[in-house]
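This briefing is intended for reading alongside the sequence and the three-dimensional model. It is arranged by topic, with terms explained where they are introduced.

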Amino acid sequence: MAKQTFYDQWHRIAELRIGLRPSVQVRQQRYREDVYYVYNEVIHAGFFRARPETHELVQRIRPNHTLHEVWRTFVEISPKTAPGQKDFFDLIAALYRANMVYVEGGVSEERLLERALQKKRKPLAARISELLFMRVPLLDPEPMLKRLLPLINGIYSLPAILVVLATCLWAGYEFLLSSDRAFAQSQNILQMGNLIPLYLAMFSTHLLHEFSHAALCKYYGGHVRTTGLMLLMFTPLPYADVSASWALRNKWHRAAVGAAGMYSDVFVCAIATIVWAYSPPGPLNEVASNLMFVTAVYTVVFNANPLMRFDGYYILSDISGIPNLHETAKKQVTELFRTKVLAEARTQLHSVSTRRKSFLAAFFFTSNLYRILIMVGIVKFIADQYFGLGLVVGAALLYTTFIAPVAKFLEPVGDPRFMAKHRKKVLTTGSVFLALVLFVAFVPLPFSRVLDGVVEDREKTRVFLPLNGILDRVYPKNGDHVAQGAVVIRLRNPELELELQGLQAKISGVEARMNQSLTEGGQTYAAIEQELQTMLTTRDHLESELRKLLVYAPHEGTWVAQELRAYTGQWLSRGAEVGAISKSQDYQFRAILEQQGASEIAAMRADEATVKVEGLRAQTLDIPQLSVIPFSQKELPSAAVSPLAGGAVAMDLQSRDTPQAAERFFLIVADLSSGSVADNLLDGRRGWMRVVLPPRSLGMRAYDGLRQFFQKRYKL
């Protein structure tokens with residue numbers, strides 16, 4: 001550590017005589033090649049982790065010597081590893097806060113207490129963070145855990161683990177079968193009427209989650225002394241302090257304690273999924289849905305992910321052998337910045353391997369980026385339902401995530417000593433940053449839009465199926481010339497064929513009855529004849545329907561049906577569009593402009609627009625004329641622009657008859673100069689129109705995008 005040999009507050013503790021409390025236990029732990037000593041004050045559950053040189057110093061603290069004498073003696077014995085007065089001061093204060101030491105001789109503890117209180121005077125950012133994640137201790141669960149120890153031994157036995165695994169596999173299978181229903185049901189999870197059941201599900205599952213942590217800690221011999229409530233984003237939830245697991249020697253036992261909560265979550269989620277899959281709509285199904293949603297989201301997004309400081313983070317810290325992983329990564333990045341950017345002297349942090357430095361730096365940046373993305377997602381999720389609450393939470397997270405860290409990073413700039421040493425670098429960096437901001441905000445850059453669309457022939461006839469049937473054969477190939485009246489498609493309808501055969505058999509029976517009636521005097525002949533006429537009319541209708549199974553070309557032209565042959569042998573519904581017959585090969589391009597780009601319509605010009613077509617990407621088609629349909633619409637020009645055919649325009653899946661867009665759009669219609677294109681099969685192909693617009697700065701684009709986001713999502 002960097003030493004500050006003399007400290008102006010040293011007189012506060014120099015003459016104190018202190019010693020370690022008798023209730024302090026010390027255990028050695030090894031993280032990879034590093035050795036640590038964990039101090040555990042078992043009565044108040046205080047913990048302190050020390051390196052070997054710090055451990056050697058702490059062991060010399062005795063009430064028969066003042067702290068000044070202890071420090072001087074250690075300096076004389078080990079001048080290289082001895083801390084400065086400030087570091088020793090901080091060490092004693094840390095031991096005091098962890099309830100590790102007592103003061104001998106009735107000396108007032110105000111000197112240490114004053115230092116501890118100063119440490120608790122946290123900045124505004126830390127106080128806001130505590131409001132979002134505040135803890136209130138309530139109970140000591142140790143007596144209950146002792147009584148339940150036989151049950152705990154059964155919960156974490158091998159047969160129980162196998163049962164949990166089998167249940168999870170079963171639940172996963174059921175979820176895959178009904179995943180569409182689950183996602184649709186989750187859309188209403190935050191409705192006002194479901195908030196209380198959702199909170200009760202969250203509270204109950206979190207209670208089991210924390211109990212699982214505490215139970216496994218007890219299973220491995222730890223002592224859990226504190227449980228209570230924590231305010232997680234203003235939501236009261238139970239918590240258990242399992243810091244006793246820090247004293248476990250086996251890193252896999254420590255990691256297992258961290259994973260115990262997820263063990264409970266996945267089991268509850270599995271049971272809830274099975275109940276949800278087999279229960280009819282009603283209260284039981286809603287309760288199971290809430291439990292399934294809460295445990296799955298909490299486990300996957302938060303707990304299991306090591307990039308946030310929840311269970312997954314502590315598991316990774318134990319397995320990787322890097323205690324306090326986040327702070328270690330932060331210190332390593334800070335040290336790299338000081339040595340690589342500010343060219344300051346190296347410290348002991350550079351004694352670690354290059355591989356570990358890379359891991360710590362990658363973890364620091366990845367975890368912070370992921371945390372920001374998760375926080376933004378939470379704010380959006382809440383604001384979609386309750387905009388006011390989302391605004392408050394967003395403001396708090398904006399301060400704690402962006403403003404406060406930036407302010408802390410810039411604190412050294414206000415230090416005259418720092419500025420005297422690094423003035424040139426600070427001014428250069430500030431100038432570059434200011435120039436970058438001005439460039440982004442005000443310098444216009446080339447700007448264009450790429451719009452999805454489809455090529456259509458101006459004169460063509462779409463071919464629709466006249467009735468239901470199985471596609472038996474497509475006669476012309478895509479692009480073939482067909483004559484008027486030529487057969488293009490043959491269908492089969494086994495139901496109609498069987499109905500006709502059955503009707504023919506009935507007609508034969510009726511004719512036999514007519515002949516018999518004549519031989520018997522003819523009294524029933526007229527009635528039977530009427531029945532026969534009805535059947536013959538029905539037969540004529542069925543034969544007419546069967547003739548429709550052959551689809552004919554309405555006029556001469558080019559047959560266009562790119563993927564129809566792939567549907568041979570499949571059932572097609574009446575009214576389905578199966579192809580088109582192109583007359584003139586005079587093409588136009590119909591592009592889709594989303595509503596957020598409506599302000600750019602006036603700036604679009606034909607001489608600044610070009611088109612590329614799928615299959616002819618090497619060729620650029622000019623646009624002689626461009627026009628805009630002056631109203632928004634939802635009916636898509638073709639399903640080719642939807643994700644079903646590789647396009648990017650979201651579809652409304654509720655629409656059955658015609659392809660509809662999920663949101664309204666403007667239709668841009670452009671004539672195509674396709675005379676130089678050898679391929680005459682452009683009709684129906686997906687393409688892209690690139691329109692060059694007036695230059696705009698990146699800042700203006702970002703501002704417009706943000707404004708449109710709030711207007712569209714929150715109607716502001």
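**Strand pairing and surroundings**

Val450 has Arg690 as its bridge partner in strand S24. The model is predicted: local features need pLDDT of at least 70 and side-chain atom pairs count only at pLDDT 80 or more, whereas totals for chains, interfaces and linings use all residues. Residues are numbered from 1 along each chain as its sequence is written, and side-chain values use heavy atoms, with hydrogens and water left out. Helices (H or I, at least four residues) and strands (E, at least two) are DSSP runs, numbered from the N terminus. Two strands pair if DSSP finds at least two bridges between them.

**Strands S9, S18, S23 and S24**

- Strand S9 (residues 445-457) pairs with S18 in the antiparallel sense over five bridges, and Glu456 stands opposite Gln588 of S18.
- S9 is also joined to strand S24 (residues 686-696) by nine bridges, and these two run antiparallel.
- S18 is linked in turn to strand S23 (residues 660-671) by seven bridges, again antiparallel; here Gln588 stands opposite Asp671.
- Why is S18 described as largely enclosed by the rest of the structure? Seven of the eight residues of this strand (residues 587-594) are buried, so the description follows. Buried means under 20% relative accessible area, exposed over 50%, and partly exposed in between (1.4 Å probe, protein chains only).
- Strands of a sheet pair through backbone hydrogen bonds, either parallel or antiparallel.

**Two open sheets of four strands**

- One open sheet has the strand order S10-S17-S15-S12, with antiparallel pairing. Its edge strands are S10 (460-464) and S12 (481-482), each of which pairs on one side only.
- Within this sheet, strand S15 (residues 557-560) and strand S17 (residues 577-582) run antiparallel and share three bridges. Thr558 stands opposite Ser582 in S17.
- Another open sheet of four strands follows the order S14-S13-S11-S16, and its pairing is antiparallel. Strand S14 (550-552) and strand S16 (571-572) are at the edges with a single partner strand each, so one side of each is left without a neighbour in the sheet.
- Strand S11 (residues 469-474) is joined to S16 by two bridges, the two strands running antiparallel. Ile470 stands opposite Trp571 of S16.

**Nonpolar surface patch**

- Val163, Val266, Phe267, Ile271, Val275 and Leu284 make a nonpolar surface patch of about 460 Å². Accessible areas come from the Shrake-Rupley method with a 1.4 Å probe; for residues, only the protein chains shown count as cover.
- Patches are made of residues with over 30% relative accessible area and no salt bridge; like charges are joined within 9 Å, and nonpolar side chains (Val, Leu, Ile, Met, Phe, Trp, Tyr) within 5 Å. A salt bridge is a side-chain nitrogen of Lys or Arg within 4 Å of a carboxyl oxygen of Asp or Glu.
- Helix H11 (residues 251-278) supplies the largest share of the patch, four residues. Val266 is found in this helix and is partly exposed, at a relative accessible area of 34%.

**Cysteines**

- How many disulfides are found in a search of the whole structure? The search finds zero, a disulfide being a pair of cysteine sulfur atoms within 2.5 Å.
- Cys217 is buried, its relative accessible area being 0%.
- Cys269 is in no disulfide, and the nearest cysteine sulfur, that of Cys168, is 7.9 Å away. Cys269 counts as buried, at 16% relative accessibility.

**Tyr36 and Ser243**

- Tyr36 lies in strand S3 (residues 34-41) and counts as buried at 10% relative accessibility.
- The side chains of Tyr36 and Arg51 make a polar contact of 3.0 Å. A polar contact is a pair of N or O atoms within 3.5 Å; within protein, one must be able to donate a hydrogen and the other to accept it, and residues adjacent in sequence count only if both atoms are side-chain atoms.
- Between Tyr36 and Pro323 the C-alpha to C-alpha distance is 9.5 Å, although they are 287 residues apart in sequence.
- Ser243 is located in the loop between strand S8 (235-241) and H11. Ser243 is buried, with a relative accessible area of 9%, and its side chain is joined to that of Asp241 by a polar contact of 2.9 Å.
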